Amino acid sequence: MTVQQTNIPSEIESDDDFRARLRTFFTDHHPGKPPRDPKERLAHQKAWNATMFDAGFSGPSWPKEFGGMELSFAHQVIYQEELARARVPGPMGTGLGIAAPTIIRYGTQAQKEEFLAPMLRGDKIWCQGYSEPGAGSDLPSLRTTARREGDEYVVNGQKVWTTQATNADVLFTLVRTGTQESRQKGITYLLIDAHAPGVEVRPLRDITGGAGFAEVFFDDVHVPVSHRIGEENEGWPLVRTSLGHERAAGAMNQAAVYRRVLDELTALARERGRASEPLIRDQLADFEIRVRIMRYNAARIISDILTKGEPGAASSVSRMLITAFEQDLHEFAIGLLGPAGLLTKDSPHAVQRARWLTGFLRTRASTIGAGTSEIQRNTVAEQVLKLPHDPGMPPR
């Protein structure tokens with residue numbers, strides 16, 4: 001894909017100039033509120049993604065040759081802050097922060113040219129196919145298989161809790177190409193066409209009433225060998241890259257978003273006449289401290305990526321902090337609203353269209369997704385604190 005963009009400055013901008021340029025763009029091109037109909041909402045977001053890409057406002061950390069902005073540390077922080085401030089949709093699909101860094105590091109030049117720019121523009125939606133019914137927290141026990149036949153792999157098995165699978169065009173997956181006993185040494189990283197014959201996606205309804213997750217079944221699905229990232233049976237180091245960048249991407253984005261959300265929650269406490277209550281003030285102060293820690297930790301991760309190429313174990317620290325924070329924050333919001341906090345968005349008396357109740361329900365899964373809190377604690381214990389391997393987990 002040929003990358004042609006506008007609005008690219010010829011010289012390095014000051015922080016203030018960059019922030020002003022972002023604000024002008026988001027004001028002049030704001031996409032407005034997304035439609036409620038799921039199909040219309042998807043088209044709305046794809047159009048916005050294309051607008052940002054064509055104007056040169058996508059992929060803050062990506063190389064420019066693939067359509068990214070290749071921003072400095074300070075400008076990446078500003079980018080996330082202004083994106084959250086403008087309340088515009090962020091980049092679409094889980095591939096951007098997870099699969100893309102893996103392809104950039106391990107992919108061939110042909111794979112980079114084929115996959116990266118269409119992913120960033122939103123022409124193709126990507127989703128992650130890692131978790132399986134028997135392989136979530138213990139990812140190396142996955143059982144979806146791929147056997148090689150000439151220039152293709154034939155894939156059979158099942159994935160589950162796959163976010164956005166119903167809208168996806170490409171699944172980046174882990175498959176078993178070695179024996180079950182080989183664990184990490186028998187895993188291969190494949191990119192699978194989500195519309196290929198033999199792929200079946202079944203939506204899963206969750207506690208919010210939505211269907212953001214799905215089960216994905218593979219029945220003799222043929223995948224070109226050219227869509228393998230890295231070498232056969234050598235996919236595990238790629239997984240670690242993907243997972244690290246997944247947590248890093250979440251840290252940068254969520255630190256900016258929760259800065260705005262906490263300000264809105266504080267405003268809500270004032271509107272309801274409760275901001276002067278000592279216990280409310282104490283809790284809001286605690287959230288303020290945690291949001292600032294979140295921001296500093298995200299900045300540390302960005303710095304690690306820029307200097308070392310990898311987010312490191314700090315991304316697990318960040319993931320633990322954010323997931324506990326967002327659950328505590330939404331639980332507090334429901335308590336602040338009292339009985340009104342239990343009204344659903346269908347009620348005419350719901351406060352702010354029941355956003356706090358929806359957030360409360362949605363964040364119940366936060367400490368499970370992208371690696372459970374227990375997995376994050378093990379990572380921090382072993383890689384940061386250098387403690388012995390958890391005896392309750394299988395040997396590597």
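**Figure 1. Ala-354 is a buried loop residue with a positive phi.** With a relative accessibility of 5%, Ala-354 counts as buried, a word used here for residues under 20% relative accessible area, while exposed means over 50% and partly exposed lies in between (1.4 Å probe, protein chains only). The model is predicted, so local features are described only at pLDDT of at least 70 and side-chain atom pairs only at pLDDT 80 or more, while totals for chains, interfaces and linings use all residues. Residues are numbered from 1 along each chain as its sequence is written, and side-chain values use heavy atoms, with hydrogens and water left out. Ala-354 sits in the loop between H8 and helix H9 (355-362); helices (H or I, at least four residues) and strands (E, at least two) are DSSP runs numbered from the N terminus. Its phi is near 60 degrees, a positive value in a residue other than glycine.

**Figure 2. Ala-354 also helps to line the largest cavity.** Rolling a probe the size of a water molecule over the atoms shows where empty space is left. Searching the whole structure turns up 1 cavity of 30 Å³ or more. A cavity here is a set of points, on a 1 Å grid over the protein atoms alone, where a 1.4 Å probe fits but cannot get out, and lining residues have an atom within 4 Å of a point. The largest cavity holds about 40 Å³ of space, where grid points are joined across faces, edges and corners and the volume is the space filled by probe spheres set on the points. Which residues line the largest cavity? Leu-337, Ala-340, Gly-341, Leu-343, Val-351, Ala-354, Trp-356 and Leu-357 do. Sorted by class, this lining has 7 nonpolar, 1 polar and no charged residues; Ala, Val, Leu, Ile, Met, Phe, Trp, Tyr, Cys and Pro count as nonpolar, Asp, Glu, Lys and Arg as charged, and the others, Gly among them, as polar.

**Figure 3. Helix H8 carries both Ser-318 and Glu-331.** H8 spans residues 314-337. Is Ser-318 buried or exposed? Ser-318 is buried, because its relative accessibility is 1%. Beyond residues up to four places away in sequence, Ser-318 touches Ala-251, Asn-297 and Ile-301, a contact being heavy atoms within 4.5 Å. Glu-331, by contrast, is partly exposed at 47% relative accessibility. Again setting aside residues up to four places away in sequence, Glu-331 touches Phe-360 and Arg-364. For a longer view, Glu-331 and Glu-232 are 99 residues apart in sequence and 45 Å apart in space, C-alpha to C-alpha.

**Figure 4. Gln-76 and Pro-60 touch each other.** Gln-76 belongs to helix H3 (residues 73-86), and Pro-60 to the loop between helix H2 (38-54) and H3. Gln-76 counts as buried because its relative accessibility is 4%; Pro-60, at 13%, counts as buried as well. Leaving out residues up to four places away in sequence, Gln-76 meets Pro-60, Ser-61, Leu-71, Met-252, Ile-302 and Leu-306. With neighbours within four places in sequence left aside, the contacts of Pro-60 are Met-69, Glu-70, Leu-71, Gln-76, Tyr-79 and Gln-80. Pro-60 and Pro-31 are 29 residues apart along the chain, and their C-alpha atoms are separated by 20 Å.

**Figure 5. Arg-87 has a positive phi in the loop between H3 and helix H4 (99-106).** The phi of Arg-87 is near 55 degrees, a positive value in a residue other than glycine. At 46% relative accessibility, Arg-87 is partly exposed.

**Figure 6. Domain 1 and domain 3 share a contact.** The protein is divided into domain 1 (34-120), domain 2 (125-232) and domain 3 (237-384), with bounds from an automatic or database domain assignment. The C-alpha centres of domain 1 and domain 3 lie 22 Å apart. To this contact, domain 1 gives 16 residues and domain 3 gives 21 residues. How much area do domain 1 and domain 3 bury between them? About 1,700 Å², with 59% of it on carbon and sulfur atoms; buried area is the accessible area (1.4 Å probe) that two parts lose on being put together, summed over both.

**Figure 7. Thr-145 lies in a strand, and Glu-181 in a loop.** Thr-145 is in strand E2 (residues 145-149) and is partly exposed at 34% relative accessibility. Not counting neighbours within four places in sequence, Thr-145 contacts Val-154, Val-155, Asn-156, Val-175 and Arg-176. Glu-181 is placed between strand E4 (170-176) and strand E5 (187-193) and is exposed, with a relative accessible area of 67%.

Note on methods: 1 Å grid on protein atoms, 1.4 Å probe; cavity = no way out; pocket = protein on both sides within 12 Å on 5 of 7 lines; lining within 4 Å.
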